[in-house]
Amino acid sequence: MGLGAGGGFAWCRYRGADAEVLAAGQPSAPVGFGPSTPAQPFTDAGHPLTDENAADPYCNFYEFTSTKSVWRHVEGFKTRPWTVAVTGLVRRPSTLDIDQLARLFPREERIYRHRCVEAWAMVVPWIGFPLADLLRHVEPLPAARYVRFTGFDRPDEASHMRDRSFPWPYTEGLTLAEATNELAFVATGMYGHSLLKQHGAPIRVVLPWKYGFKSAKSIVGIELTATRPATFWNTLAPHEYDFTANVNPQVDHPRWSQRTERMLDTGDRYQTMMYNGYGDWVARLYP
Ligand SMILES: Nc1nc2c(c(=O)[nH]1)N[C@H]1C(S)=C(S)[C@@H](COP(=O)(O)O)O[C@H]1N2
Ligand SMILES: [Mo]
């Protein structure tokens with residue numbers, strides 16, 4: 001967990017960068033880069049960190065399998081070279097490879113809670129950078145309202161993708177206001193090292209106030225659009241997986257309660273919190 005002590009410093013650096021951009025009087029600050037919230041480092045998520053030995057062998061990644069043992073199916077997955085194309089309603093469409101991304105955006109560590117829609121939970125130290133930094137870099141046009149994430153599409157490397165009855169590739173989406181709030185994060189590592197394949201190597205999204213399925217793994221595309229994009233789970237089962245998918249203990253999943261959650265490593269049960277406990281950052285987005 002070597003980066004823990006640096007988290008606060010990195011956060012300050014981000015705040016600094018933000019201040020510089022504002023001071024430089026960017027001609028047309030795009031919608032969504034509005035005032036933001038508690039300038040506090042994400043060094044404590046209120047619960048103990050999840051043991052990495054419990055997090056690594058248990059997750060969802062449907063490209064590979066519908067079981068939780070994703071790690072058994074990822075050997076043939078090639079995560080380098082890898083580029084992310086940022087396209088659509090932006091002034092500067094950019095295709096960036098993993099090393100360029102690392103040079104452009106200073107990385108920090110953030111400890112976030114994670115809540116799967118299936119009611120398991122974990123607390124993870126991610127390494128990455130704010131999604132807002134990347135979006136600011138490509139300069140969204142005024143007409144941009146939504147952000148769509150697209151996963152890789154390689155059935156030869158991910159065998160569950162050979163079942164073309166699923167709407168591959170995996171896609172997810174946010175409003176631009178959601179995508180530019182300070183919580184929205186792009187991760188390239190966790191637990192002090194690069195992402196393992198099963199966790200979405202080499203680059204993924206992390207949105208801790210939303211159910212886990214919104215945090216798309218192994219993305220190759222980010223597209224800014226004027227209209228709400230179709231997304232993988234919402235296309236498959238719209239009555240079970242809505243587009244917004246904010247964590248909310250009051251609203252049951254059609255097949256189970258969302259009131260409590262089970263920690264992956266200890267099996268402890270906690271009360272699930274509105275917005276997964278991140279209301280100070282995001283509640284204003286949902287008046
Ligand atoms: N590309 C892709 N991303 C995905 C998924 C997936 O099947 N494919 N599953 C989601 C779900 S349901 C969860 S809970 C998290 C789980 O993975 P993690 O434990 O590595 O965060 O990834 C999310 N991102
Ligand atoms: Mo999930």
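Which residues line the largest cavity? In this predicted model, the lining is formed by Arg113, His114, Arg115, Val206, Leu207, Pro208, Lys210, Gly212 and Ser215. Strand β3, which spans residues 108-115, gives the most to this lining, with three residues. By class, the lining divides into three nonpolar, three polar and three charged residues. The space enclosed there amounts to about 40 Å³, and the structure holds one cavity of 30 Å³ or more.

Attention may now turn from the cavity to the pocket. The largest pocket contains about 390 Å³ of space, and that pocket is the space taken by ligand 1. Its lining comprises 23 residues, and those nearest the centre of the pocket are Asn60, Tyr170, Gly212, Phe213 and Trp233. In terms of class, 13 of the lining residues are nonpolar, five are polar and five are charged. Gly212 thus appears in the lining of the pocket and also in that of the largest cavity.

The ligand itself is surrounded by 17 residues, of which Tyr62, Glu63, His199, Ser215 and Lys217 are the closest. Ser215 is also one of the residues that line the largest cavity. The shell around ligand 1 consists of nine nonpolar, five polar and three charged residues. Three side chains place an N or O atom at a short listed distance from an oxygen atom of the ligand: for Lys217 the separation is 2.6 Å, for His199 it is 2.7 Å, and for Arg204 it is 2.9 Å. Taken alone, ligand 1 exposes 530 Å², and the protein buries 98% of that area.

The backbone also deserves inspection at several points. Most peptide bonds are trans, and most residues other than glycine have a negative phi. Against that background, a cis peptide bond joins Trp168 and Pro169, with omega at about -5 degrees. Pro169 is located in the loop that runs between β5 (146-151) and β6 (171-175). A cis peptide bond also joins Ala201 and Pro202, again with omega at about -5 degrees. Pro202 belongs to the loop between β8 (193-194) and β9 (204-206).

The remaining point concerns phi. Glu139, a residue other than glycine, has a positive phi, near 60 degrees. Its position is in the loop between α4 (131-138) and β5.

Methods:
Residues numbered from 1 in each chain as written. Chains lettered and ligands numbered in written order. Predicted model: local features only at pLDDT ≥ 70, side-chain atom pairs only at ≥ 80, totals over all residues. Heavy atoms only, no water. Near = heavy atom within 4 Å. Polar contact = N/O pair within 3.5 Å; in protein donor to acceptor, adjacent residues only side chain to side chain. Areas by Shrake-Rupley, 256 points an atom, 1.4 Å probe, with all protein chains shown as cover. 1 Å grid on protein atoms, 1.4 Å probe; cavity = no way out; pocket = protein on both sides within 12 Å on 5 of 7 lines; lining within 4 Å. Sits in = over half its atoms within 2 Å of the grid points. Nonpolar A, V, L, I, M, F, W, Y, C, P; charged D, E, K, R; others polar. Points joined across faces, edges and corners; volume = space filled by probe spheres on them. Helix = DSSP H or I, 4+ residues; strand = E, 2+ residues; numbered from the N terminus.
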